[in-house]
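Thanks for coming. I have one structure to go through today, and I will keep it short. Please have a look at the sequence and the model before I start.

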Amino acid sequence: MNRKERKSPVAVLCSALGTVLLILLVALCLPLTLPRVMGYDIYTVVSGSMEPAIPTGSLVYIENAQPEEIKEGDVIAFYGARDSAAVITHRVVENNTLMGQLTTKGDANEKADVNPVEYEDFIGKLALSVPYFGNLAQIFTSSTGKIGAGIVILAALLLQVVGGAVESFQNKKNKKHRDRRE
């Protein structure tokens, strides 16, 4: 490529910036999407009952497990009440397989939870906890976060289009200049 056929710096910058925006968005969304595809449930910890092991704002990945196989010391996720969507993450202090119940306790709580967890309210076992990532998840899964992600995608596409248009304009300009010289 000779000197006159070099890409426009503006076109290169626009294309690179658009690509970087898309890569960043994908990188931020992967921890929220890929584990779900692999069968994990994902929740954000909203209380301090499991601190310091699992701080408020952590993202927890919950894997499928059989409640009968849960051992003392395992951290589990379960529905807090029969008709509630609230999910609680606490440590198991006893698994009563005969009664089909798990006794749990938050690490920061002095006593075990008053109500045992019925096996039917059991969701799964903690596979991974990532501190503070839950706050990021809350942002991305909110309406504002989804709109923001859409805007980032549109901006990235617009930058790609502008980069292509600038490059096309530059190529036409260079071709005219070459044609005049010949």
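I will begin with the chain as a whole and then go to single residues.

A caution at the outset: this is a predicted model.

First, the fold. The protein chain has 3 helices and 7 strands. In sequence order, the pattern is α-β-β-β-β-β-β-β-α-α. That puts one helix ahead of the run of strands and two helices after it.

Next, the overall dimensions. For 182 residues, a compact globule would have a radius of gyration near 16 Å, whereas this protein chain has 26 Å. The C-alpha trace spans about 95 × 30 × 25 Å along its principal axes. What share of the residues counts as buried? In this protein chain, 27% of the 182 residues.

On contacts: take those in the protein chain with a separation of 6 or more, and 59% of them come from residues 24 or more positions apart.

As for the surface, the protein chain exposes about 11700 Å², and 60% of that comes from carbon and sulfur atoms. There are 19 positive and 19 negative charges, and the mean positions of the two sets are 27 Å apart.

Cysteines can be dealt with quickly. A search of the whole structure gives 0 disulfides. C14 has a relative accessibility of 11%, so it counts as buried, the cut-off being under 20%. C29, with a relative accessible area of 25%, is partly exposed.

Now to the strands, starting with V60. This residue lies in strand 2, which covers residues 59–63. Is V60 buried or exposed? V60 is buried, because its relative accessible area is 0%. Outside its neighbours within four places in sequence, V60 is in contact with D41, I42, Y43, V45, I54, T89, L126, L128 and S129. Of these, take Y43: V60 and Y43 are 17 residues apart in sequence, and their C-alpha atoms are 5.4 Å apart.

The loop leading into that strand holds two residues I want to mention. S49 sits in the loop between strand 1 (41–44) and strand 2 (59–63). Although it is in a loop, S49 is buried, with a relative accessible area of 14%. Which residues does S49 touch, leaving aside those within four places in sequence? They are T89, H90, G106, D107, A108 and N109. T89 is also among the contacts of V60.

The other residue in that loop is P52. The peptide bond joining E51 and P52 is cis, with omega about 5 degrees. As background, most peptide bonds are trans, and most residues other than glycine have a negative phi.

That brings me to Y132, which is not a glycine and yet has a positive phi of about 70 degrees. Y132 is in the loop between strand 7 (122–130) and helix 2 (133–141). Its relative accessible area is 56%, over the 50% cut-off, so Y132 is exposed.

Last, helix 3. This helix runs over residues 143–181 and includes L157. L157 counts as partly exposed because its relative accessibility is 45%. From L157 to V26 there are 131 residues in sequence, and the C-alpha to C-alpha distance is 14 Å.

To recap two points: the radius of gyration is 26 Å against near 16 Å for a compact globule, and the E51 to P52 bond is cis. That is all I have.

Notes
Residues numbered from 1 in each chain as written. Predicted model: local features only at pLDDT ≥ 70, side-chain atom pairs only at ≥ 80, totals over all residues. Heavy atoms only, no water. Helix = DSSP H or I, 4+ residues; strand = E, 2+ residues; numbered from the N terminus. Rg over C-alpha atoms; globule rule 2.2 N^0.38 Å. Buried < 20%, exposed > 50% of the residue type's maximum accessible area, 1.4 Å probe, protein only. Contact = heavy atoms within 4.5 Å. Areas by Shrake-Rupley, 256 points an atom, 1.4 Å probe, with all protein chains shown as cover. Lys, Arg positive; Asp, Glu negative; His and termini not counted. Charge placed at Lys NZ, Arg CZ, Asp CG, Glu CD. Disulfide = S-S within 2.5 Å.
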